[in-house]
Amino acid sequence: MRILSVSNCPALDHLGSGYVIGNFARGLRASGHQVDLLEPDDYELCRIFRPRAISYRQAAGMLTAVRRALRHKTFDLIEFWGAEAWLATRWLVHCDSSTRPLVVQHTNGPEPRYNGILRDVGVLKLNRLQTWHAEKLLPQAFLHADAVVTVS
């Protein structure tokens with residue numbers, strides 16, 4: 001199977017999520033699958049602004065990277081790690097369903113739910129744009145995917 005894996009964090013063994021993502025990709029390769037793994041350094045726009053607006057820059061960068069990858073290769077499955085994939089997921093699910101790859105969204109936990117809980121108890125304070133982003137855009141990564149895998 002040809003898989004494009006797009007991660008919202010570096011696949012480094014000393015990072016919790018990075019450890020999971022890197023080992024998941026290595027496991028797929030060991031099972032005979034072809035895996036192209038894209039990390040933030042491969043697609044993130046305007047990296048000089050790190051860490052500001054990281055979610056927005058990653059969302060736009062993921063879309064650009066996925067479109068570029070699909071022009072050069074055919075994939076059976078595209079897997080995303082993180083809610084920043086909402087824009088690429090929305091674009092993919094509106095492509096011709098007979099030719100597009102399966103879209104799988106991975107999560108280390110239900111981010112939208114946890115964000116809501118943190119906001120409700122006052123731990124997470126978001127401005128109006130951030131609230132719109134967290135409540136309307138990020139959940140679309142999970143709502144529009146063909147499948148959701150939780151790796152808690």
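In which strand is D36 placed? In this predicted model, D36 lies in strand β2, the element that covers residues 34-38. The description below starts from the chain as a whole and then returns to D36 and to several further residues.

The secondary structure of the chain consists of 7 helices together with 5 strands, and, read from the N terminus, these elements follow one another in the order β-α-β-α-α-β-α-β-α-α-α-β. The chain holds 152 residues, and its radius of gyration of 15 Å agrees with the value near 15 Å that a compact globule with that number of residues would have. The extent of the C-alpha trace along the principal axes of the chain is about 45 × 35 × 30 Å. Of the 152 residues, 39% are buried, while the accessible surface of the chain amounts to about 8,600 Å², with carbon and sulfur atoms contributing 56% of it. When contacts between residues at least 6 apart in sequence are considered, 68% of them join residues at least 24 apart. With regard to charge, the chain carries 18 positive and 14 negative charges, and the mean positions of these two sets are separated by 6 Å.

A search for disulfides over the whole structure returned 0. Two cysteines may be described individually: C9 has a relative accessible area of 14% and is therefore buried, since that value falls under the 20% limit, whereas C95, at 24% relative accessibility, is classed as partly exposed.

Within strand β2, D36 has a relative accessible area of 25% and is accordingly partly exposed. Once residues up to four places away in sequence are set aside, D36 touches I3, L4 and S5 as well as K73 and F75. The C-alpha atoms of D36 and V6 lie 8.3 Å apart in space, although 30 residues separate the two in sequence. A related picture concerns M1, which is located in the segment before β1, the strand that spans residues 2-7. M1 is partly exposed, its relative accessible area being 48%, and, with residues up to four places away in sequence left out, it touches H33, Q34, D76 and L77. From M1 to V35 the C-alpha to C-alpha distance is 8.3 Å, for a sequence separation of 34 residues.

The helical residues can be taken in the order of their elements. R57 belongs to helix α3, which runs over residues 54-72, and its relative accessible area of 8% places it among the buried residues, because the class is defined by values under 20%. Apart from neighbours within four places in sequence, the contacts of R57 are with E44, L45, C46, R47, F49, R50, P51 and R52. For one of these, L45, the C-alpha atom is 5.3 Å from that of R57, the two residues being 12 apart along the chain.

T89 is part of helix α4, formed by residues 86-93, and with a relative accessibility of 0% it counts as buried. Beyond its neighbours within four places in sequence, T89 is in contact with F80, V103 and Q105, and also with Q140, A141, H144 and A145.

Y114, finally, is found in helix α5, which comprises residues 111-120. In contrast to the buried T89, Y114 has a relative accessible area of 44% and is partly exposed, because that value lies between the limits of 20% and 50%. The C-alpha atoms of Y114 and L124 are 10.0 Å apart, with the two residues 10 positions from each other along the chain.

Technical notes: Residues numbered from 1 in each chain as written. Predicted model: local features only at pLDDT ≥ 70, side-chain atom pairs only at ≥ 80, totals over all residues. Heavy atoms only, no water. Disulfide = S-S within 2.5 Å. Buried < 20%, exposed > 50% of the residue type's maximum accessible area, 1.4 Å probe, protein only. Helix = DSSP H or I, 4+ residues; strand = E, 2+ residues; numbered from the N terminus. Rg over C-alpha atoms; globule rule 2.2 N^0.38 Å. Contact = heavy atoms within 4.5 Å. Areas by Shrake-Rupley, 256 points an atom, 1.4 Å probe, with all protein chains shown as cover. Lys, Arg positive; Asp, Glu negative; His and termini not counted. Charge placed at Lys NZ, Arg CZ, Asp CG, Glu CD.
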